[in-house]
Amino acid sequence: MDIRKGPYFADLGDFSSAGAVGINYVDRLSRNIAQVTLGSFGYQRALAAGSTAIGDGTLLTAFEGVHYNGPGMS
């Protein structure tokens with residue numbers, strides 16, 4: 001995150017706003033991820049994410065699934 005406080009940044013339009021936030025997202029992973037978590041009350045979580053080069057770009061994919069039967073759940 002790039003946080004800028006105040007209205008004095010020429011690249012964002014001098015005096016046009018009270019501040020700005022720039023968010024940079026991940027576009028590739030250094031290694032693929034696979035994870036399974038189990039816990040109390042039937043808590044289950046599965047995560048898989050990976051990236052691969054395709055042409056001049058990168059394909060980034062991810063999956064997450066969660067199941068929980070804990071207190072307060074219907």
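1. Phe41 is found in the loop between strand 3 and strand 4, and this residue is a convenient place to begin reading the structure, which is a predicted model. Although Phe41 is not a glycine, its phi is positive, at about 60 degrees. For background, most residues other than glycine have a negative phi. Phe41 has a relative accessible area of 51%, and because the cut-off for exposed is over 50%, Phe41 counts as exposed.

2. The loop between strand 3 and strand 4 also carries one member of an aromatic pair, namely Tyr43. A search of the whole structure finds one such pair. Its rings belong to Tyr43 and Tyr68, with centres 5.9 Å apart and planes at 70 degrees, so the arrangement is edge-to-face; the cut-off for that description is an angle over 60 degrees. The pair links distant parts of the chain, since Tyr68 sits in the segment after strand 5, 25 residues apart from Tyr43. Both partners are partly exposed, Tyr43 with a relative accessible area of 27% and Tyr68 with one of 33%.

3. How many salt bridges does the structure hold? There is one salt bridge in the structure, and it is formed by the side chains of Arg45 and Glu64, at 2.7 Å from N to O. This pair, too, links distant parts of the chain, with Arg45 in strand 4 (residues 44-54) and Glu64 in strand 5 (residues 57-67), 19 residues apart. As general background, side chains of opposite charge can pair when their charged atoms come close. Arg45 is partly exposed, with a relative accessible area of 22%, and because buried means under 20%, Arg45 does not count as buried. Glu64 is likewise partly exposed, at 46% relative accessibility.

4. A further point concerns the surface, where Met1, Ile3, Val21, Ile23 and Tyr25 make a nonpolar patch of about 640 Å². Among these residues, Ile23 lies in the loop between strand 2 (19-22) and strand 3 (33-38). Is Ile23 buried, partly exposed or exposed? With a relative accessible area of 44%, Ile23 is partly exposed, and because the residues of a patch need over 30%, this value meets the cut-off for patch membership.

5. To draw the points together, a reader new to the predicted model may wish to look in turn at the positive phi of Phe41, the edge-to-face rings of Tyr43 and Tyr68, the salt bridge between Arg45 and Glu64, and the nonpolar surface patch that includes Ile23.

Conventions. Residues are numbered from 1 along each chain as its sequence is written. This is a predicted model: local features need pLDDT of at least 70, side-chain atom pairs count only at pLDDT 80 or more; totals for chains, interfaces and linings use all residues. Side-chain values use heavy atoms; hydrogens and water are left out. Patches are made of residues with over 30% relative accessible area and no salt bridge: like charges are joined within 9 Å, nonpolar side chains (Val, Leu, Ile, Met, Phe, Trp, Tyr) within 5 Å. Accessible areas come from the Shrake-Rupley method with a 1.4 Å probe; for residues, only the protein chains shown count as cover. A salt bridge is a side-chain nitrogen of Lys or Arg within 4 Å of a carboxyl oxygen of Asp or Glu. Helices (H or I, at least four residues) and strands (E, at least two) are DSSP runs, numbered from the N terminus. Buried means under 20% relative accessible area, exposed over 50%, partly exposed in between (1.4 Å probe, protein chains only). Rings of Phe, Tyr and Trp (its six-membered ring) pair if their centres lie within 6.5 Å; planes under 30 degrees apart count as stacked, over 60 as edge-to-face and the rest as tilted.
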